[in-house]
Amino acid sequence: MPILELRRITRCFGPLKAADDVSLSIEAGEFFTLLGPSGCGKTTLLRMIAGFDEPDAGELLLDGRPLSGIPPEKRPVHTVFQSYALFPHMSVAQNVAFPLRMAGKPEAEIRRLLAETLELVHLSDKARHFPHELSGGQKQRVALARGLINKPRLLLLDEPLGALDAKLREQMERELVALQREVGITFVFVTHSQQEALALSQRIAVMNEGRVEQVGSPEQIYRIPRNRFVADFIGTINLLPVEVLAATHGRLHLRVAGLGEIIAVPPGESALPVAGEHGHFALRPEQLRVSTHGEVRELHNHFSGTLRDTLYRGDVTVYKVELDNGVMLEALLTNSAPLRAKSFAPGDAVTVGWRHDSGVFLHD
Amino acid sequence: MTRPRRDPTRWLVSLPPTLFLLAFFLAPALLMVLASFRHPGEFGGLAPLLVDGKPQLTLETYRFFFGDWIYAEVFLRSFIVAALTTLFCLLLAYPLALTIARSSARRRDLLVLLVILPFASNFLIRVYAWIILLGPPHLLYTTFAVIAGMVYVHLPFMILPLYTNLEKHDPTLLEAAQDLGADAWTRFWRITFPLSLPGIWAGTALVFIPVLGMFAIPELLGGTGDILIGNLIKEQFLDNRDWPLGSTLSLLLTVAVLALAGLSVWAGRARRGGI
């Protein structure tokens, strides 16, 4: 049985649909992420799970029991707020012990759990400090400790890393994953950052305009986006307008408008389109190969074009290639390979190619 | 770390108010201290400070004050009236300030305006209105009338600092408390109330201290037994023309208020810490 089930949840604010027939089920112990641009409804979902908002239609089930009508203070669900919401007049210890006090735990147990939890988030030496004396990362850990100490069934995290700088965020990402594994509590994480979602989650639900567009593992979401929104939102993607010529034996024959034919072997789990269908063929920049010498011509899928722009990023270089039909492609090449970098200059005639098993066909 | 640069404009800007306070606050205060040790003049005012080159100073007024219980009694009564006024102001102002702070931005401005509106009419006229109100139910010239008048006049001074404080509270804190298991009552006492303490202290100071010096309201609304320190001081200066005694009473009032303020700061510090 899933720990949390959302059944056909709808929530409207005036004409705006913040949640539009959303169904999800989250398994116990999972690190589940709601990912989407701001205003996609992910925070509304989180607030409904926490109890600060009720759906207009649909049902939320926690451990199989409906949550409707249960106020936030009675739900075994805790939230880590984006702003941390630490109580400024309480010390770290008082903040972290707050949920235990509310639950009326005996003093001895409070002391034991407090020591244990502060240890877990490496804040034992800060127990007597006040929130304004802490750094951003430390505040974050206090908020986590406070959310976890009373062992909620679910911990909801609302963009908790948003306020941290890039370096600290990466460190906190690692800590968060390690912490979740250690405590085994189900995390429901909300973010608009696809990198965070990919790095942290076991499963991701990509949301847009109140709807869930796709649910899957980070790899599934990245490699096999189900539609153009997901493909666009997660990372960079190249889209070639195509028409399906034939779909047989797990192979797709596609015609790229103005260029020619390509062959694609779509990933097993996706349904094959039918001949005559129009759509887009989506390729990740790192799936493309670029050369001036024609080595990529061994690949069946290749087209010639002109290098328009290069962007050196240290570890990688981004190349913008204009194909002969005018479509722009972005290719990403690591700078370790000896033949790259200086051998290309804008204006060069190049060949772009990719393997059969790269890329996916997206319906329009 | 960079050291903050010494900025001469800062001194220039703060110089006029500093001079003003030195000339019109500190100097008179010191003159009052001196006056409390001097002899009263034959026809009011003060007797000459130097006679034949010798300073004429005395502890007479202090002996007078500490020699008669009546003064201590008036002091005590004044502090009780001030404390009650402050308490009632707090009890009335808190829900009001909270309501204003939690209403929509547009309503908020209107409500604050309504709180300040009574200042638009003259203070004495408003107190006379209370005479008319309290007359028929035979409540005039009672301690109740004094406290009611005091509360009425000072209520805005409690509402405004409280509102200013409560309006700044982050609503997410209450959501966090609720999320972590706190019911409405607990949320108020654990979060809203402790965070509003600075507002309560500001309002308390703004009500308690002026009430101690207030003489018009006891005079207009109170009976003969409702004389407060304010009346006593005013009497010394305007009626008895005993400036030294008046100065002594003012000085002792100031000392008492400062002692009380110091005590509350000390008590506030001692209460911090713990889990």
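Two strands are taken to pair if DSSP finds at least two bridges between them, and helices (H or I, at least four residues) and strands (E, at least two) are DSSP runs numbered from the N terminus. On that basis, four strands of chain A form an open sheet in the order E2-E1-E4-E5, with antiparallel pairing. Strand E2 (16–26) and strand E5 (65–66) of chain A stand at the edges of this sheet, and because each has a single partner strand, one side of each is left without a neighbour in the sheet. At one of these edges, strand E4 (residues 57–62) of chain A pairs with E5(A) in the antiparallel sense over two bridges, and Arg65(A) in E5(A) is the bridge partner of Leu62(A).

The model is predicted, so that local features need pLDDT of at least 70 and side-chain atom pairs count only at pLDDT 80 or more, whereas totals for chains, interfaces and linings use all residues. Residues are numbered from 1 along each chain as its sequence is written, while chains are lettered from A and ligands numbered from 1 in the order in which they are written. For the complex, the predictor gives an ipTM of 0.84 and a pTM of 0.82. In terms of pLDDT, which is the predictor's confidence in each residue on a scale from 0 to 100, chain B averages 86, and 96% of its residues score at least 70. Among the elements of chain B, the lowest mean pLDDT (78) belongs to strand E1 (residues 50–51) of chain B and the highest (95) to H7(B).

The secondary structure of chain A comprises eight helices and 20 strands, and the C-alpha trace of chain A spans about 75 × 45 × 35 Å along its principal axes. A residue is called buried if 20 or more other C-beta atoms lie within 10 Å of its own, exposed if 12 or fewer do, and partly exposed in between, the C-beta atoms being placed from the backbone. Of the 364 residues in chain A, 40% are buried. Contacts, defined by C-beta atoms, placed from the backbone, that lie within 7 Å, were also classed by sequence separation: among those in chain A between residues at least 6 apart in sequence, 65% join residues at least 24 apart.

A second pairing in chain A involves strand E17 (residues 316–323) and E18(A), which are antiparallel over seven bridges; in E18(A), Glu330(A) is the bridge partner of Lys320(A). Four residues lie between the strands of this hairpin, in which Gly326(A) takes a positive phi near 95 degrees. In a regular strand the side chains alternate between the two faces of the sheet. Strand E18 (residues 328–334) of chain A has a covered face formed by Leu329(A), Ala331(A) and Leu333(A), and an uncovered one formed by Met328(A), Glu330(A), Leu332(A) and Thr334(A). Glu322(A), found in strand E17 of chain A, counts as partly exposed, with 15 C-beta neighbours inside 10 Å. Not counting residues up to four places away in sequence, Glu322(A) touches Gly305(A), Thr306(A), Arg308(A) and Met328(A).

Most residues other than glycine have a negative phi, and most peptide bonds are trans. Lys151(A), although not a glycine, has a positive phi of about 50 degrees; Lys151(A) lies in the loop between helix H4 (136–148) and strand E7 (154–158) of chain A and is partly exposed, with 14 C-beta neighbours inside 10 Å. In chain B, Tyr141(B) has a positive phi of about 60 degrees and is likewise not a glycine. Tyr141(B) is placed in the loop between helix H5 (123–134) and helix H6 (143–167) of chain B, and with 18 other C-beta atoms within 10 Å it is partly exposed.

Helix H1 (residues 8–35) of chain B has 28 residues and should span 40 Å at 1.5 Å a residue, which agrees with the 38 Å between its end C-alpha atoms; the expected span is 1.5 Å times one less than the number of residues. H1(B) has a kink of about 35 degrees at Leu15(B), shortly before the proline Pro16(B), the bend at a residue being the angle between axes fitted to the seven residues ending there and the seven starting there. H1(B) is hardly covered, with one buried residue among its 28.

At the interface, 15 residues of chain B are in contact with 19 residues of chain A. Helix H7 (171–179) and helix H8 (184–213) of chain B each supply at least two residues of the side of chain B that touches chain A, and the largest share of that side, six residues, comes from H7(B). By class, the same side has eight nonpolar, four polar and three charged residues, where Ala, Val, Leu, Ile, Met, Phe, Trp, Tyr, Cys and Pro count as nonpolar, Asp, Glu, Lys and Arg as charged, and the others, Gly among them, as polar.

Definitions and conventions: Two residues are in contact if their C-beta atoms, placed from the backbone, lie within 7 Å.
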